[in-house]
Structures are given as structure tokens and as C-alpha cells.
Amino acid sequence: FSTRTYCKMWADAQRDLDTLLQREREEFLVPETNLTKVSRMLATSYIQYMDVFRRLEAAYDHLHHQQKREAIRLVLDGVMGRILEIKKEMVKLDSSECLDLDDILMELKRLPEDIEIPIPKYFIKENLEVLQQREKTLDEILLNAGLQEQEPTEAMELAEAVRLIQVAERARQGRSRAVFMRNIYLEEKRTTKQEEPDGQSKDHAATCIQKVWRGYTQRKKTEKMREEEMIFLGITLPPQLEVTSSLQNHAGKVEALQGDVQERQDEVSFKDKLRETEGPHIKATLQDQLSQCFTECRHITGRFPDYPTEKAGGSKAIFSKKTPEQVAEELAAKQMMEKTDQKGQKEKGEKEKPKENKPQKGGKKEEDEGWKMGPSNFLSILEEGSSQYKVFWQNRDDGLDFFQDHDPELIKEGKREEVEEEIRVQVDKVMEEKLRNLKVHVDGDKVGAQKKGGKTEKVRAANREDSGRGARVSGVMSLAHRTIDSLYKELAEGGLLIKAKAVNLSDYMGHSCLRNRLRGTGAQPLPSPPDVRQLVALYGILPLGSQTVHENAPLVKSMLLAGPAGVGKKMLVHAICTETGANLFNLTPSNIAGKYPGKEGLLMLLHMVLKVGKHLQPSVVWIGDTEKMFSKVPPKGEEEMDFKRLGKMLPQFLKALKAKDRVLLVGTTARPFEANIGPFCKVYQKIILISRPDYPSRFGKYFKELWKHFILQNGGAFSSLENLSCLAQVSDGFTQGHILEVVQNVLSELRLLQMPRKPLRTVEFVTSLARHIPVYKEEEETFEAWYAKTPLGRAWNAALAEKEGENGKAKKGKGK
């Protein structure tokens, strides 16, 4: 695809986004009593935002122009955040994480694949060097601690080995011949020490030129003979066959070239040029304006005004488009406010208390009127990006911009504000000193009055900070002087900071054509594999990958993956870390047993994880078998007591995480019904119940199915689809982990060697499959009964009961 294609893709996405924003202004802000209509509106917007998201991500990934990328990035983060806001509203409305979008997809003529969440590549690309260095450091720590074995070197191909041996042998022969010829030359030079006559200098020069030329021509002939010999031996390809491979290599370098172009454009520093050219003029203008303002204020009030403090904004408070009279009135009002008594403030607070109840009544009236979309943190970002696109990029002719160079004027507009802010800080210091001198010499103020007052204020502020710090300091004082590197090393050596496996979210395969089969029966539908991928991407990957999304989107601090053993819970945890480049902390009870015993040890452990996770974000804190921390059975030994203590500390751990901290707590459990449901659901905000794969996931002609994928992945091959269909029928009740283990056991090295003369048979897999215990119907019903007790399950049952009550009343009314 060319640059023009991706620019057109960006333009189409912006046009569709403007249409979406206009429709939201017309529909979402108007109260609506028909909740079915609301669900359809939200679902339609969700699918259309997903389409815009996909196109913006492709344009951002492939365009070279740095300024265009910045404009797209602003809108891209806004679209991701808006998708999360709409998802939250849809879940609240439907009381379920599994949304019925099939009808809307058919109306919009879209495929189910169109609602798959695309993972932006810039999550890894823009931090690739940091992540590679961090991975290298972790490998060194684990190797030195003996927790990781040295990876074996890959076996070299025969052709490459022969080529290396030939090169080394020719180099050895060349060096030995050079030494031999050098000895002969030195021997001849010692024997003939007589100087040559002047008449022989031209002949000597001609001889030297002939030597150089003959050496050059002989080397060329030798290289040609060597190439012909390598082609004859079959080690290298002829030139006409190497064209394809060279083109492939060139195509493979395009992505790296894009990054180089983007980095090269970042090196252009316009801030320094603006500071040199426009800096003196900006500084002089600010000083003149401030001096004029001081003079006018004194002419009106009779005294020079106080200079605004840094908290008030400095000279920004003066240049807020206000007249000197307004500035003087504001300063006088501030002085009056400072002199007010605390009693007056209490009386005002008591008078304002009854007024606070009024908005609640209004809110109830609004709820009675109907549904209305709540406030958004991303609509302003989207509108700003849309207006920026219309002003700078919509009517721009990109045909003349072949090299995709930066636009100097656009960069100057962005950097000019930064330069003005830097110069303003310098001017504030100079003008504050000047105003102080004017007050002393003109108004007759004392020199030490302000300094003394200012000093006492600073001392009081420092005392307040010290007292606040002292209140917050706990028993983990020893961590205050520890560096991040030392804590990182200690956690890695203790096996608490582990290396995530390189798996992508797309590797979690599965498809379900029957995901909404339970909606008609009233039972809450369970997430299918596409739903699981979507929920993990929405609640885990997108917020961890983007700082803007994490700070402004509905905050999700914790997530629970529950389901039978082997359904891929641990794989999803590793996929979150792989897609975002996050650190992985393993606080599984079996992993922390005996390492940090006691209450103080566990508190120190959580503080270490919190400090390292925040500093090296994004980070994922994984707790496997998390039900043990909330077990109904009273603890027997010291280790079980520590697990229960850690479970009680998790709410404090989550409370310490703010919107700016990209740290996610992920729990996995195969027996959630053994935990106390109250504290369990209080810790985990989002609960995703993963069920065993159904028939379409185990076998299907039009998408990746488990049996075929695992067999091909391990070197096997199946010629008949009937055999695969039979395996899919027989493996009903078995999980993805069971199927993978069976395939790996059957396809041993010996069996792979026998495959050409002895094809695979269904019986081989069935025999191995019979050794595993499937997920029985009773276990599935236990999971479903437990999920019905979760907050979302209770909300679903309450909504269902309310709906049934309304239907019963309607039937009674018709009967009368």
C-alpha cells in the first residue's frame, strides 16, 4: 500500500468519526425511555467505533509523516477510550459481559471478525529498545541465579558450514602466503642495498602501476571463479533466482526503515531555533506588558499590586484578558478572604449543606425521564482531533510531498507555546524582583516584611509536608533508600518477577456460532472464545498499552479469569504481557510460600511489587489459585495463614493504585466456588468465566480450529476432514489444554518419522484422550451457579425477574 492509500484511509475514518460524533450529540444527550432502542444505539456506535479504530490503527502504523502520526495518535487514543465508555454503558444496561450483536452486524453488513479488537502495534514499537534492554537484564539475572538455562544455539545448515570453512581456509592460505612473500621481499632488499640510478625511477613507477592493476584484475577473476564454483556445488543460487529473495529481503526492511524515518524527523529541533530568533522579542514584550500593568494598577489603586504566586500561575494570572481594575479587585478580594474567620467559614459550610441535596432530586427526575449517556472524558479529545484534521490536513495536497517531510510551520506553532512558557518563568523572576524594589522605593514598604512572611510560610508548608510524610510512613522504612534496580533484582532472584511467554492474544483460538443460544431460555450466556479475547483486550491490553486511555477511561484495577483447568487462563495472562510489554509478577500462593513470612514480610513484598511495578509500568500482578486466599475453610498452618493475610491486604494494594499507574491485578482460579464470594468479588472488579471449547471451536472449515491447528503446529498432517470431525465429536467435554497435551504425546519424534509410510489415524488420539478426565456437566453447572452469585450475575437475575414480573402484569391486564 502507498502513502496515498493510508492517507485516504485516515480521511475516511475521520469522516465516519464526524458522523458518529454528530449522531451522539443528537441521540445520546436526549433522554430515552425505550431501553431496547438504547441498546441498539449503543451497539451500533460500538461496532462503528471499532471500524474507525481499525482504520486509524493501520494508518498510524504505516504512515511516515511524524506530524500526521501525532494527529492520528490523538484521535486513536480518544476512540479507544470511547469504546471502553460505550462498553461500560452496554454492560450496565444488559447486566452481562456477553453482548448480542449479531442482529446489528447483519444490519450493518459486517462480519463477526469486524468486532475483534485490533491490538495497536505502537504499544511495543515505541518502547522496543527499553523492552529489549529490560528483557536482557532479566535474562542475565535469571541465568546468574540458576533459574534459567542457557538457550542452546541453533544448528547451522550444511551449506552455511561449508561456506564458513572455505572462507576460513582461504584466509589461512592467504595469510601464510603473505608471510612467505614478505620474507622473500625482505631477503632481496637486504641483499640489494645499492640505490637505483635516477634514470630507472620511471620504469620503477610503471612496474608498480602494473602490479596494482594486475592484482586488481586477478582478484576479480578469482571472485568470479569462486561464484561459479559455489553455484556449481549448489551452495548459492544463480543471479536470476536470487532476484526473488532480494525483493523479499527488501520488503522485510521496510518496517525498520519506517522507524528510522520517524526517528530522523524527531531529531529536528525547532525549539532552539525559535528560542534564538523569537526569544528576545517575546521576553521584551512580556516585560513591557507587565511594567505597564503595574503602572496602571498603581494609578488606579494608589499602590503597586502583589505579584501572583507560582500556584496562582505567575504572570499568567495577569495576562488572562483582564483590565487593571479587575486585577486590582481580585487581589483585594483575595486579601479579604484571607482575613475571614474560621467561624464564618463553618457558617457558610452549614448553609451550603442543604443545597447539596438538590442535585440528587434532580438526578431522580432525570432517571424517571429516561436513559441518557453519562459524561465522557474522550469526546473533547475526539472533537479536538477532528478540528485539527480539518484545519491542517483535510485540504492538504500530499501528492507533492513525496518524501513525507515535516512541516516547519506546524512544528513552530506547537513549540512556540513551550518556548513562551520557558521564557515566562524567567521573566517572572526578574519582574518579581523589580516589583519588590518599586514597592520599597515608591510605596515605602519595608524590605524584610515580605521576606519574613514568605519565610514563615515556607517553614510552615515544610512542617506540614514532614508531618504528612510521618503519618504515611509505615514499617517498610528499609525500602525508602533501596534503588529500583536492587528491588528488581531481588524480586527476579526470588522467582517473583518472571519472564512472560511470547504468546499473542490471537493465539487463543476458538469460534462459536452458538454464543447467544441461551438468551431465549433466560440463562446468562457464557463468554465464547471471541468474547474472551474481546474482554481481555478491552479491560487488560488497551488500558495498559496507552497512558491516555488508562487515565481517562473507566478504571479497571483488577480482573479475574475463572474456569476449569486447561481452558487457557495462564496463556491469557502471558498474552497481556506480550501485547503490552508489561512486567509479570507471580504472587501465586505456591510461589510465595516461605519467602516473605509473617505480616511484615507480606507487607514488604507488596510494597516492593508496587514500587517496581509503578516505576517500570506497565505491569501485571498475577495470582494463580487465588481462591486459596479467600478460602471458606479456616487456615491450618502458617503458610495458609499468610495466604489469608495476603488476601486481606489486596484491597489496600488496589487502593494505592491511581489512574496514572498502569498496573493490573489478574487472578486465575479453577475452583472459585471454594472462596468466600463477598471479599472475593470486592477485590476483582471484572470477572470473566471461561468455559470449555464447543464443537465449532474444536472443528470448523472456515476458521482455525483446535485439533487441526495443534496437529499442524507439532509437525503432523491430516488428509481427511472426516477424521478431524470425528475427533471433534469424541473430544466433547475436554479443554484446550487436554487437546494440546494429547497431540504432543501422540506426535513424538519417532511417530513423525513414520508419518510418510504410516498416516495418522483417529484411534491414536482417542486412546491418549481417554486417559484424561473431561469437564463433566455437573462441574459446568457448579461454575454457572457460582457466577450467578457474582454482582453481574445477581444484576442479570434481578433484571430477568423484573422483566418476568412486567410480563405477568401485562398478561393479567389482558385477561381482565
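Reader: Where does D625 lie in this predicted model, and what is its phi?

Author: In this predicted model, D625 is placed in the loop between β4 and α25. Its phi is near 50°, a positive value in a residue other than glycine. D625 has a relative accessible area of 33%, so it is partly exposed.

Reader: Which residue in the loop between α3 and α4 has a positive phi although it is not a glycine?

Author: That residue is S95, with a phi of about 60°. S95 belongs to the loop between α3 (66-94) and α4 (102-107). The relative accessibility of S95 is 9%, and therefore S95 counts as buried.

Reader: Is P634, in the loop between β4 and α25, buried or exposed?

Author: P634 counts as exposed, because its relative accessibility is 56% and the cut-off for that class is over 50%. Its C-alpha atom is separated by 9.2 Å from that of K644, which is 10 residues away along the chain.

Reader: Which peptide bond is cis, with omega near 5°?

Author: The bond in question runs from Q617 to P618. P618 is found in the loop between α24 and β4.

Reader: How should the sheet be read, and what is the order of its 6 strands?

Author: In general, strands of a sheet pair through backbone hydrogen bonds, in either a parallel or an antiparallel manner. Here the sheet is open, its pairing is mixed, and the order is β1-β3-β4-β5-β2-β6. At the edges stand β1 (497-498) and β6 (686-689), each of which pairs on one side only.

Reader: How many bridges join β3 to β4, and how many join β4 to β5?

Author: Between β3 and β4, which run parallel, there are 4 bridges; F585 has V621 in β4 as its bridge partner. Between β4 and β5, also a parallel pair, there are 6 bridges, and V621 stands opposite L665 in β5. Strand β5 (residues 663-669) is further joined to β2 (residues 558-562) by 5 bridges, and these two strands run parallel. In that pairing, L560 has G667 in β5 as its bridge partner.

Reader: Which helix packs on the sheet, touching β3, β4 and β5?

Author: Helix α24 (residues 598-615) does so, and its direction makes about 170° with that of β3.

Reader: Which residues point one way from β4, and which the other way?

Author: The general idea is that side chains in a regular strand alternate between the two faces of the sheet. From β4, S619, V621 and I623 point one way, while V620, W622 and G624 point the other way. The strand is mostly covered, as 6 of its 6 residues are buried.

Reader: What is the relative accessible area of S558, and which residues does S558 touch?

Author: S558, in strand β2, has a relative accessible area of 0% and is therefore buried. Leaving aside residues up to four places away in sequence, S558 touches L654, L664, L665, V683, Y684, Q685 and K686. One of these, Q685, has its backbone nitrogen 3.0 Å from a polar atom of the S558 side chain.

Reader: How is an aromatic pair described, and why is the pair of Y60 and Y122 edge-to-face?

Author: A pair of aromatic rings is described by the distance of the centres and the angle of the planes. The count here comes to 11 aromatic pairs. For Y60 and Y122 the centres are 5.3 Å apart and the planes stand at 70°, so the pair is edge-to-face. Because Y60 lies in helix α2 (residues 35-62) and Y122 in helix α5 (residues 122-125), the pair ties together parts that are 62 residues apart in sequence. Y60 and Y122 are both buried. The ring of Y60 also has the charged end of R69 over it, 4.2 Å from the ring centre.

Reader: What is the geometry of the pair formed by W786 and Y787?

Author: W786 and Y787 form a tilted pair, at 6.5 Å centre to centre and with 50° between the planes. Both W786 and Y787 are buried. They belong to one aromatic cluster with F630, F680 and Y684.

Reader: How many helices and strands does the protein have, and what share of its residues is buried?

Author: There are 34 helices and 6 strands. Of the 816 residues, 38% are buried. Among contacts with a separation of 6 or more, 83% are between residues 24 or more positions apart.

Terms used. Residues numbered from 1 in each chain as written. Predicted model: local features only at pLDDT ≥ 70, side-chain atom pairs only at ≥ 80, totals over all residues. Heavy atoms only, no water. Phe/Tyr/Trp six-rings, centres within 6.5 Å; stacked < 30°, edge-to-face > 60°. Buried < 20%, exposed > 50% of the residue type's maximum accessible area, 1.4 Å probe, protein only. Lys NZ or Arg CZ within 6 Å of the ring centre and 35° of its normal. Pairing = 2+ DSSP bridges. Contact = heavy atoms within 4.5 Å. Axes fitted to C-alpha atoms, helices over the stretch in contact; angles between N-to-C directions. Polar contact = N/O pair within 3.5 Å; in protein donor to acceptor, adjacent residues only side chain to side chain.
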